[in-house]
Amino acid sequence: EDGGDVIETVAPADAIAIRPAGHHLRSAAGRSAAASLAGPFEALVRAVGAGVAPAGARSTNEVPDADLEELKHATQCLRDASTRGEVLPLVIDFAARRFRRVAMWMLRDGVAVGMAQRGLELCGGPDDRALRGVEIPVQRSGWLSRLLEVRRPVSGPPRTDGDRGLALALGDRLPEHAYLAPIESGGRVVAVVYGDDLPGGAAPSDTSTLEVVLHHAGLALDRAALERALQCVLVDIDRV
């Protein structure tokens, strides 16, 4: 209270907004969608700033404190990471806390190449060394084709021969539900994280914190690439 008057305070907004891919913003369709969302978004921000909870808003209390602490730790580690070799293991370890089985694929010239895994042995899947010998053409998999089209996570059962081939490259049975999400760097998808809960049949759990980590991983990869480029420039200058 101040002079008998009650001073109301408004807690700061606690939210995360992930930047859309640049090619979406530059396209005509992207500009149209952005224009249609601008008004409602402005109204939402004004409501939050005034201390009014928007209809249908989800409280951050719905995310367990342990998950939030884990997310903070992971994003801090990603900010400190300086090479791809530091970034990607952090991502796959975080994903392995959300799914029983996880695999990471690198995308190269239209082909998904196995890179690392956690838990694939639960259903007879390959170890890291064997996974690196697995290659899946992106265009054969509905999962991968859709993911590259929308630049967002996709999930569901394997519906195409390519999806089934991808799933069986990771074990001895097909999942009822699988989750695949992109890691973007330099304006393109450079890696894909795959997760399922075999040998059970549960649908993917809440993946919101994982998707935040994937976004930060992309930023970390961009930063690492920029630092390498800058180092090369400095070496060239020293040689002059």
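Analyst: A strand here is a DSSP run of E covering at least two residues, and strands are numbered from the N terminus. The model discussed below is predicted.

User: In which strand does Q117 lie, and is Q117 buried or exposed?

Analyst: Q117 belongs to strand 2, which spans residues 111–118. Buried means under 20% relative accessible area. Q117 has 10% relative accessibility, so Q117 counts as buried.

User: Which residue has its backbone nitrogen 3.4 Å from a polar atom of the Q117 side chain?

Analyst: Leaving aside residues up to four places away in sequence, Q117 touches I92, V102, A103, P126, D127, D128 and L131. The backbone nitrogen 3.4 Å from a polar atom of its side chain is that of G119.

User: Why are the buried residues of helix 6 on the same side of the helix?

Analyst: Helix 6 runs over residues 142–150, and its buried residues are W143, L144, L147 and V150. They lie on the same side of helix 6 because the arc they cover around the axis is only 145 degrees.

User: What is found at the start of helix 6 and just after helix 6?

Analyst: At the start, a side-chain oxygen of S141 comes within 3.3 Å of the backbone nitrogen of W143. Just after helix 6, R151 has a positive phi of about 55 degrees.

User: How is helix 6 oriented to helix 7?

Analyst: G142, W143 and L144 of helix 6 meet D163, L166 and A167 of helix 7. The two axes come within 7 Å and cross at roughly 105 degrees. Helix 6 is therefore, relative to helix 7, roughly perpendicular.

Conventions:
Residues are numbered from 1 along each chain as its sequence is written. This is a predicted model: local features need pLDDT of at least 70, side-chain atom pairs count only at pLDDT 80 or more; totals for chains, interfaces and linings use all residues. Side-chain values use heavy atoms; hydrogens and water are left out. Buried means under 20% relative accessible area, exposed over 50%, partly exposed in between (1.4 Å probe, protein chains only). Helices (H or I, at least four residues) and strands (E, at least two) are DSSP runs, numbered from the N terminus. The arc is that of the directions from the helix axis to the C-beta atoms. A polar contact is a pair of N or O atoms within 3.5 Å; within protein, one must be able to donate a hydrogen and the other to accept it, and residues adjacent in sequence count only if both atoms are side-chain atoms. Axes are lines fitted to C-alpha atoms, for helices over the stretch in contact, and angles run from 0 to 180 degrees between N-to-C directions. Angles under 35 degrees count as roughly parallel, over 145 as roughly antiparallel, 65 to 115 as roughly perpendicular and the rest as oblique. Contact means heavy atoms within 4.5 Å.
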